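Let's take a walk through this protein together. Have the viewer ready and follow along at your own pace.

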Amino acid sequence: MKFSILFLYYIFTIFTIAEDDPFEKEESEKAVQENNTFKIFPDPSGNEYFPKDKASYYTRYLSAMKEPSVKAKLEKNVDRVIRFTYLRSFHDPLVIRLTTKGDVYTGTATRLEKDEKHDPVKISFSKAWILAEKNTNITKNLFTQKDFWKPLNNVEKTFFSRVKDGSQWIFEIHDKDGYRMIDVWCPDYVNMPDDELKELGVDPTQFRNFLVYFKTGNQMLKLGNIQPKPDENY
């Protein structure tokens, strides 16, 4: 009798564990989605896109675009690689990458379609081209502007953290001086007059002119002929 009771208890326990719990399944699917959102993806060759303290959710867009890592070792005969990644809250990601080999400048432009959940869907536009000579001088000067690669200070980081929806402007370069990147939030929006910054409790002397990033990003989009419409900047 004692054996029978233990046996029935064992069978009951198995079926109880095996029974589907719809709430548990829902939580599990939600956890997987959240994990994918913040998962750090490598490039197609397995290289990391950004330094570990800089990597974020946007690596999944670069991976879906099949973009190579700018941070990785430069290929033979490549002098410089520059990339602008333009991420908007409500529109598709855009990427422009410029590569220099001696006197030859090549560019790639890519648009990635994303769904309403911000998940990558497919590459909707991609082109590669050789820059015309008239554009090579523009490219040479784009990223040599004073303090362009200067890291954000604490005041600037704090201000960016207050803005929720908008656009992220990520610039990268790899040349003879190594790899650098700068991640700026809404450079057209945060470039405010000194009096407005003071009203928000921000010291203007600790705030750089962010329009340089806005102008540089738009110049690159123009080179790739993938400028968004004026109402599609966010």
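Does Cys186 count as buried or exposed? With a relative accessibility of 1%, Cys186 counts as buried, because the cut-off for that label is under 20% relative accessible area. Please keep in mind that this is a predicted model. You will find Cys186 in the loop between E6 and H6. Its backbone deserves a look too: Cys186 is not a glycine, yet its phi is positive, at about 45°. Most residues other than glycine have a negative phi.

Asn225 also has a positive phi, about 60°, without being a glycine. This residue sits in the segment after helix H8 (211–224). Its relative accessible area is 56%, so Asn225 is exposed.

Now step back to the whole chain. The protein has eight helices and six strands, and along the sequence they follow the pattern α-α-α-β-β-β-β-α-α-β-β-α-α-α. Of its 234 residues, 38% are buried. If you take the contacts between residues at least 6 apart in sequence, 56% of them join residues at least 24 apart.

Helix H5, residues 154–162, is a good next stop. Which of its residues are buried? They are Glu156, Phe159 and Phe160. These residues lie on the same side of H5, because they cover an arc of only 100° around the axis. An α-helix has 3.6 residues a turn, so residues three or four places apart point the same way. The cover over the buried residues of H5 includes strand E6 (178–185), together with helix H6 (187–190) and helix H7 (194–199). At the N-terminal end of H5, Asn153 acts as a cap, with a side-chain oxygen 3.0 Å from the backbone nitrogen of Val155.

H5 and E6 turn up again in the largest pocket, where they are the elements that give two or more residues to the lining of the largest pocket, which holds about 410 Å³ of space. Rolling a probe the size of a water molecule over the atoms shows where empty space is left. The lining of the largest pocket counts 18 residues, and those nearest its centre are Lys54, Leu152, Lys157, Asp183 and Val184. E6 gives the most to this lining, with seven residues. By type, the lining of the largest pocket divides into 12 nonpolar, two polar and four charged residues.

The second largest pocket has about 270 Å³ of space. It is lined by 15 residues, and Pro68, Ser69, Glu75, Val81 and Arg97 are the closest to its centre. Strand E2 (residues 94–101) provides the largest share of this lining, three residues. Here the lining of the second largest pocket divides into six nonpolar, four polar and five charged residues.

Finish at Asp175, in strand E5 (residues 167–175). This residue has 14% relative accessibility and therefore counts as buried. What does the side chain of Asp175 reach at 2.9 Å? That partner is the backbone nitrogen of Asp177. The Asp175 side chain also makes a polar contact with the side chain of Arg180, at 2.6 Å. Leaving aside residues up to four places away in sequence, Asp175 touches Leu74, Asp79, Arg80 and Arg180.

Conventions:
Residues are numbered from 1 along each chain as its sequence is written. This is a predicted model: local features need pLDDT of at least 70, side-chain atom pairs count only at pLDDT 80 or more; totals for chains, interfaces and linings use all residues. Side-chain values use heavy atoms; hydrogens and water are left out. Buried means under 20% relative accessible area, exposed over 50%, partly exposed in between (1.4 Å probe, protein chains only). Helices (H or I, at least four residues) and strands (E, at least two) are DSSP runs, numbered from the N terminus. The arc is that of the directions from the helix axis to the C-beta atoms. Contact means heavy atoms within 4.5 Å. A polar contact is a pair of N or O atoms within 3.5 Å; within protein, one must be able to donate a hydrogen and the other to accept it, and residues adjacent in sequence count only if both atoms are side-chain atoms. On a 1 Å grid over the protein atoms alone, a cavity is a set of points where a 1.4 Å probe fits but cannot get out, and a pocket is an open set with protein on both sides within 12 Å along at least five of seven lines; lining residues have an atom within 4 Å of a point. Grid points are joined across faces, edges and corners, and a volume is the space filled by probe spheres set on the points. Ala, Val, Leu, Ile, Met, Phe, Trp, Tyr, Cys and Pro count as nonpolar, Asp, Glu, Lys and Arg as charged, and the others, Gly among them, as polar.
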